[in-house]
Amino acid sequence: MSEQSSMHFYLNWAKERIDEMDAALASFEVKATEAKADSKVKADQLVADLKKRRDEFQTVLKTQAEAGEAAWARAKTELEKHWTEFEAQMKTYFEVAGKQMEQQQATFKDIAAAQAKAWREAADQFREAAGKVAEARTTDLDAALKQLKSDASEAEARLQKFKQAGNESWSVLSAALAESRKSFDQASRAAWDALRGSGANS
């Protein structure tokens with residue numbers, strides 16, 4: 001993969017996670033303001049811990065923004081660790097806040113919306129980069145863009161089913177988000193690999 005195409009993949013990967021973190025935090029903050037006094041302290045502390053983890057993730061991301069591909073590969077490992085810690089803290093939030101289905105569903109919907117937005121933005125970025133490539137490769141790039149959009153639609157449809165179900169546990173909802181996230185990573189990587197194969201420098 002060209003250095004720039006690889007950078008797009010890593011940036012898309014990181015942005016998608018930050019968008020999910022922000023969506024989860026916004027959902028939790030709304031619920032924390034509604035909590036009873038005794039559980040409000042715990043909820044506020046968990047939200048503060050989640051913000052700290054999100055900020056640590058963003059700090060590592062900003063540090064790597066100008067780095068080369070090898071540095072990004074190393075940074076992704078560290079970012080994945082921060083992401084895993086954030087997810088574990090979200091699970092703790094649901095355990096401490098109680099198994100409130102309404103909160104879990106609201107958070108799931110917000111995170112799913114953030115994922116759908118990330119898919120659309122990645123497709124738009126790819127379309128822009130592909131537009132800069134020589135016309136001889138447009139068929140391959142159009143196919144890659146079509147596949148990215150198709151994968152995005154399928155992932156959004158799967159998440160929509162869970163949104164409508166309404167009574168799934170957080171572990172089931174979290175697994176659905178993880179599956180969608182994995183599909184996003186694979187589709188994004190495939191699209192940028194196709195662009196790299198075109199000899200693009202952008």
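How many nonpolar, polar and charged residues does the lining of the second largest cavity have, by class? The count is 4 nonpolar, 1 polar and 3 charged. The model behind this count is predicted. The fold, the core and selected residues are described below, followed by both cavities.

The protein chain contains 6 helices and 0 strands. Its pattern along the sequence is α-α-α-α-α-α. Of its 202 residues, 44% count as buried. Contacts reach across the chain. Among those between residues at least 6 apart in sequence, 81% join residues at least 24 apart.

The largest nonpolar core comprises 53 residues. Phe-28, Phe-57, Phe-86, Met-90, Phe-108, Phe-126 and Trp-170 have the most contacts inside this core. At least two core residues come from each of helix H1 (3–34), helix H2 (37–64), helix H3 (69–96), helix H4 (101–131), helix H5 (138–165) and helix H6 (170–197). In soluble globular proteins, nonpolar side chains tend to be buried together.

Trp-170 is one of the core residues with the most contacts. Beyond its neighbours within four places in sequence, Trp-170 contacts Met-90, Phe-94, Gln-104, Thr-107, Phe-108, Ile-111 and Leu-177. Two of these partners, Met-90 and Phe-108, are also listed with Trp-170 among the residues with the most core contacts.

The structure holds 3 aromatic pairs. One of them joins Trp-83 and Phe-86. The ring centres lie 6.0 Å apart and the planes meet at 15°. That angle is under 30 degrees, so the pair counts as stacked. Both residues belong to helix H3. They are 3 residues apart, about one turn of the helix. Trp-83 has a relative accessible area of 6% and is therefore buried. Phe-86, at 0% relative accessibility, is also buried.

Helix H3 also carries Lys-76. Is this lysine, Lys-76, buried or exposed? Its relative accessibility is 17%, so Lys-76 counts as buried. The cut-off for burial is under 20%. Outside its neighbours within four places in sequence, Lys-76 is in contact with Phe-9, Tyr-10 and Trp-13.

Gln-115 is placed in helix H4. Its relative accessible area is 1%, so Gln-115 is buried. With residues up to four places away in sequence not counted, Gln-115 touches Glu-16, Glu-20, Leu-159, Leu-177, Ser-180 and Arg-181. Leu-177 is likewise a contact of Trp-170.

Phe-162 sits in helix H5. Its relative accessibility is 24%, so Phe-162 counts as partly exposed. The range for this class runs between the 20% and 50% limits. Leaving aside neighbours within four places in sequence, Phe-162 makes contact with Gln-105, Phe-108, Glu-168, Val-172, Leu-173 and Ala-176. For Phe-162 and Ala-176, the C-alpha atoms are separated by 7.9 Å. These two residues are 14 residues apart along the chain. Phe-108 recurs here, being in contact with Phe-162 and with Trp-170.

A search of the whole structure finds 2 cavities of 30 Å³ or more. The largest cavity holds about 60 Å³ of space. Its lining consists of Asn-12, Lys-15, Glu-16, Asp-19, Ala-118, Glu-121, Ala-122, Gln-125 and Phe-184. H1 and H4 each supply at least two of these lining residues. By class, the lining of the largest cavity divides into 3 nonpolar, 2 polar and 4 charged residues. Glu-16, one of the lining residues, is also touched by Gln-115.

The second largest cavity has a volume of about 30 Å³. Glu-20, Glu-87, Met-90, Ile-111, Trp-170, Ser-174, Leu-177 and Arg-181 line this cavity. H3 and H6 each supply at least two of the residues. H6 gives the largest share, 4 residues. Several lining residues have appeared above. Trp-170 lines the second largest cavity together with Met-90, Ile-111 and Leu-177, and Trp-170 is in contact with those three residues. Glu-20, Leu-177 and Arg-181, also in this lining, are touched by Gln-115.

Notes: Residues numbered from 1 in each chain as written. Predicted model: local features only at pLDDT ≥ 70, side-chain atom pairs only at ≥ 80, totals over all residues. Heavy atoms only, no water. Core = buried A, V, L, I, M, F, W, Y, C linked by side-chain atoms within 4.5 Å. Buried < 20%, exposed > 50% of the residue type's maximum accessible area, 1.4 Å probe, protein only. Contact = heavy atoms within 4.5 Å. Phe/Tyr/Trp six-rings, centres within 6.5 Å; stacked < 30°, edge-to-face > 60°. 1 Å grid on protein atoms, 1.4 Å probe; cavity = no way out; pocket = protein on both sides within 12 Å on 5 of 7 lines; lining within 4 Å. Points joined across faces, edges and corners; volume = space filled by probe spheres on them. Nonpolar A, V, L, I, M, F, W, Y, C, P; charged D, E, K, R; others polar.
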